[in-house]
Amino acid sequence: MKFKSLVILSLVILSVFSLAYAYGPKFGSYLTNVNVQLIKISGTVSKITNAPALTVTIKTASGDKEVILGPAWLQIEDLKVGSKIEVESFVSLVTNVFKAVKVTVDGKEVLNLQNSSWNNIVRGGRRGFQNYQNCPCLNLKTN
C-alpha cells in the first residue's frame, strides 16, 4: 500500500515538472516583458567550461567576466581560448550572472537570440532550438 502511494506520488511530481518545463516561461518573452538592459562585454576568451552550461570567462580591461552562452549541448566551433569575443548579455534577475543574447567570435556572429522566433513557436514545439547551431534536437522527427 505504501509502495503504491509512493509510486503514484512520484508520477504526479514528475508530471508537474514536465508540464512546468513544456509550458514554462520562454527566453524571448522574458526579455520583452521585463525591463532588461543589455550589456556589451568584449575581450579575449580565457576559459571555457561546459558544466552545467556553456560558460566562458572573458578577459576585459575591467577584469574577468563570466558569461553563460547557452545550454551544455551548445557547440560553437569558432570558440577557442584566445579568441576575440563580443557578447551582448543581461544580468539574470534570479541568479545574478551574465547570460548571452548575441555572441560574436573573431568578427563572426555565432549566436543571436535577440531577434529570435522563440515566441512564434507553437507550445510543445522545439522551444527555439533552431537558434542554436548544432542542436541535437534538430535531427529529431516529430509527428
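## Salt bridges, strands and a surface patch

Asp78 has a relative accessible area of 26%, so this residue counts as partly exposed (buried means under 20%, exposed over 50%, and partly exposed in between, using a 1.4 Å probe and protein chains only). Keep in mind that this is a predicted model, where local features need pLDDT of at least 70 and side-chain atom pairs count only at pLDDT 80 or more, while totals for chains, interfaces and linings use all residues. Residues are numbered from 1 along each chain as its sequence is written, and side-chain values use heavy atoms, with hydrogens and water left out.

**Salt bridges**

- Side chains of opposite charge can pair when their charged atoms come close.
- Searching the whole structure turns up three salt bridges (a side-chain nitrogen of Lys or Arg within 4 Å of a carboxyl oxygen of Asp or Glu).
- Asp78 pairs up with Lys108, with their closest N and O atoms 3.2 Å apart. Lys108 sits in strand S6 (residues 108-112) and Asp78 in the loop between S3 and S4, so this pair ties together parts that are 30 residues apart in sequence. Lys108 is partly exposed, at 47% relative accessibility.
- Lys40 and Glu86 make another salt bridge, their closest N and O atoms being 3.8 Å apart. This one links distant parts of the chain, with Lys40 in strand S1 and Glu86 in strand S4 (residues 84-91), 46 residues apart. Lys40 counts as exposed at 58% relative accessibility, whereas Glu86 is partly exposed at 35%.
- Lys102 and Glu109 form a salt bridge too, with the closest N and O atoms 3.7 Å apart.

**Strands**

- Helices (H or I, at least four residues) and strands (E, at least two) are DSSP runs, numbered from the N terminus.
- Strand S2 (residues 53-60) has seven of its eight residues buried, so the rest of the structure largely encloses it.
- S2 pairs with strand S1 (residues 39-49) in the antiparallel sense over five bridges (two strands pair if DSSP finds at least two bridges between them). Ile48 has Val56 in S2 as its bridge partner, and a hairpin of three residues joins S1 to S2.
- S2 also runs antiparallel to strand S3 (residues 63-71), joined by eight bridges. Here Leu54 stands opposite Gly70 in S3, and the hairpin from S2 to S3 goes through two residues.

**Surface patch**

- Phe3, Val7, Leu11 and Leu14 make up a nonpolar patch on the surface, sharing about 410 Å² of accessible area (Shrake-Rupley method, 1.4 Å probe, with only the protein chains shown counting as cover for residues).
- Patches take residues with over 30% relative accessible area and no salt bridge, joining like charges within 9 Å and nonpolar side chains (Val, Leu, Ile, Met, Phe, Trp, Tyr) within 5 Å.
- Leu11 belongs to helix H1 (residues 2-22).
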